Amino acid sequence: MAGSTTMNGIVGSSEVRPRHATESLPFRWLWITIALLFVGLILILPLVTVIYEGLKKGVELYLAALIEPDAISALKLTLLVALIAVPLNTLFGVAAAWTITKFQFRGKNILLTLIDLPFAVSPVISGLVYVLLFGARGWFGPFLEANHLQIVYAAPGIILATTFVTFPFVARELIPLMQAQGKQEEEAAASLGARGWHIFWHVTMPNIKWGLLYGIILCNARAIGEFGAVSVVSGHIRGETNTLPLHIEILYNEYQFSAAFAVASLLVALALVTLVAKSLIERRQQRAAARNRMN
Amino acid sequence: MTKLKSKRIKVLPGFGLTLGYSIFYLSIIVLIPLASLFVETANASWDKIWQTISDPRVIASYRVTFLSAFYAAVINVIFGLLLAWVLVRYKFPGKKLIDGIIDLPFALPTAVAGIALTAIYAENGIIGKLFAPLGIKIAYTQIGITIALIFIGLPFVVRTVQPVLQELDREIEEAAVTLGAYRWRTFRSVILPELTPALWTGFALAFARAIGEYGSVVFIAGNMPFKTEIAPLLIMTKLEQFDYAGATTIALVMLLSSFVMLLVINFLQWRSQHQAISE
């Protein structure tokens, strides 16, 4: 949109404007070529490599790697982890965004900074802190051992570490969106006597649904793909505590490259779906914004 | 008016519930676990902490981590600016596709990026093969680590510079042109100063992310102590040896440097907002 107006602007006033108002044509194409080469080398080549290496030894081996029992159980655990971590962080994201954007209170900026904290922490440290808490020599270690409970090196630890790493995603997406929308509509509904839940569901929700969906999709992509944090708290037990990324690592380290890349191609598909969803949602948001301006 | 406003603020329901829940959940998932890191280090003896920090292998891992992150962030600032410029200012076929794929590093699991980059830059890989006859090794050296960190950090720079460039007032630029300034001079003395805060923010974000990165680096790094061993990997190694105090100490140093980066980022964003308001 912005591109087309500027292009028209250039075309419309080309007679009055000096030629050095923009880069000369050869320079434009030079910059475009360098940019495209860089994107091709750094971003696109790795994508193609995963697919190529996965299929190099034939479709049969490719499919065999996907339906192998260890791969299936890794897939199941990965989905279980995402199914718990993503809703938890979604609930938090909505609550935090409501509190931050609809009310004034002291310490709001501190809360905002703390929400971002997991982004600033290395994934390895995100896993380490749960070992310090729940490991055999951790704070709750003796208690857990006495009650025959296991958190670290088992599924609960993987879920906790993933929840930590994906903590800010939904909140980060919703807060700027709800801030920009203000609270007049909600206040109008409240003054007409609508109840809290009603206000949220019928007034706020229609305005934020696409942003919320985008936050959930990003959160989900990271939850499924998390490697470092999960690597620390997983016991690396085949068929039991391996998520898909950890399964890929094991296959790779055992020199089963084709199988490793075959499983990796599943995660490439997930990444591409995420990117497509992102651009669809952005287009919808832009259209909705344009409609609002027309009204 | 102000009275009415303050009354209105209380109209909306759910403040206590949502604030209470947010703080409760934040404490359980983030704050208490992170506090364990500080307590664990506080419980360790000074001797042990000093022994860990002054260990040449630990120092070498910090140097590899911070230097590679720095090189990668510098390269990302240069190419991130170029990409943002090309995407905002020019029209070319496939532009939307390129714009969409910039976010790939956010969406692609780091382990997948790691094995793909290793396959490309290993001695028998499609690009590694080109450099092997020249005696240049890319995978399993610091160059490989830096490439992985370029991959991880690129969208941070592009996505912070792009919106600023879009909002940039073209009238100033045009004024410079009518005053007779040539393109390079207009760029250097009119456009670049406007972009500088965003470039610093992008640099800081990419750098901070690169310091902690693990998944995409471990495969391509080769993990040779003193040469290509990054600090996050050393934390893993110490944990596997049940050296909790050692792992925690290394982690705490990294965490504190991340906090400093976070403060710097917030300050930069605050300053650029402040400038926008005062204008």
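I began with chain B, whose secondary structure comes to 14 helices and 0 strands, and I note at the outset that I am reading a predicted model. Following chain B from the N terminus on, I accordingly met one α element after another. I then looked up the extent of chain B and found that its C-alpha trace spans about 65 × 65 × 30 Å along the principal axes. For burial, I noted that 53% of the 279 residues of chain B count as buried.

Next I turned to helix pairs. I recorded for each the angle and the distance between the axes, because these two quantities describe how two helices pack.

In chain B I took helix 7 (residues 110-121) and helix 9 (142-167), whose axes come within 10 Å and cross at roughly 135°. That angle makes helix 7 of chain B oblique to helix 9 of chain B, since an angle has to be over 145 degrees to count as roughly antiparallel. I entered the crossing of this pair as right-handed.

In chain A I took helix 13 (residues 244-253) and helix 14 (residues 257-294), whose axes come within 8 Å and cross at roughly 160°. Helix 13 and helix 14 of chain A are therefore roughly antiparallel to each other, and I entered their crossing as left-handed.

I also checked the backbone for positive phi values outside glycine. In chain B I noted Tyr140, with phi near 65°, and I placed B:Tyr140 in the loop between helix 8 (128-131) and helix 9 of that chain. B:Tyr140 has a relative accessible area of 37%, so I list it as partly exposed.

In chain A I noted His148, which is not a glycine and yet has a positive phi of about 55°. I located A:His148 in the loop between helix 7 and helix 8 (155-165) of chain A. At 74% relative accessibility, A:His148 counts as exposed, because the cut-off for that class is over 50%.

My last entry concerns the surface, where I asked which residues of the two chains form a nonpolar patch. I found A:Trp139, A:Phe140, A:Phe143 and A:Leu149 from chain A together with B:Ile32 and B:Val39 from chain B, and their accessible area together is about 560 Å². I looked further at A:Trp139, which sits in the loop between helix 6 (123-134) and helix 7 (141-146) of chain A. With a relative accessible area of 38%, A:Trp139 is partly exposed.

Conventions:
Residues are numbered from 1 along each chain as its sequence is written. Chains are lettered from A and ligands numbered from 1 in the order in which they are written. This is a predicted model: local features need pLDDT of at least 70, side-chain atom pairs count only at pLDDT 80 or more; totals for chains, interfaces and linings use all residues. Side-chain values use heavy atoms; hydrogens and water are left out. Patches are made of residues with over 30% relative accessible area and no salt bridge: like charges are joined within 9 Å, nonpolar side chains (Val, Leu, Ile, Met, Phe, Trp, Tyr) within 5 Å. Accessible areas come from the Shrake-Rupley method with a 1.4 Å probe; for residues, only the protein chains shown count as cover. A salt bridge is a side-chain nitrogen of Lys or Arg within 4 Å of a carboxyl oxygen of Asp or Glu. Helices (H or I, at least four residues) and strands (E, at least two) are DSSP runs, numbered from the N terminus. Buried means under 20% relative accessible area, exposed over 50%, partly exposed in between (1.4 Å probe, protein chains only). Axes are lines fitted to C-alpha atoms, for helices over the stretch in contact, and angles run from 0 to 180 degrees between N-to-C directions. Angles under 35 degrees count as roughly parallel, over 145 as roughly antiparallel, 65 to 115 as roughly perpendicular and the rest as oblique. A crossing is left-handed if the near helix is turned anticlockwise from the far one by less than a right angle, and right-handed if clockwise.
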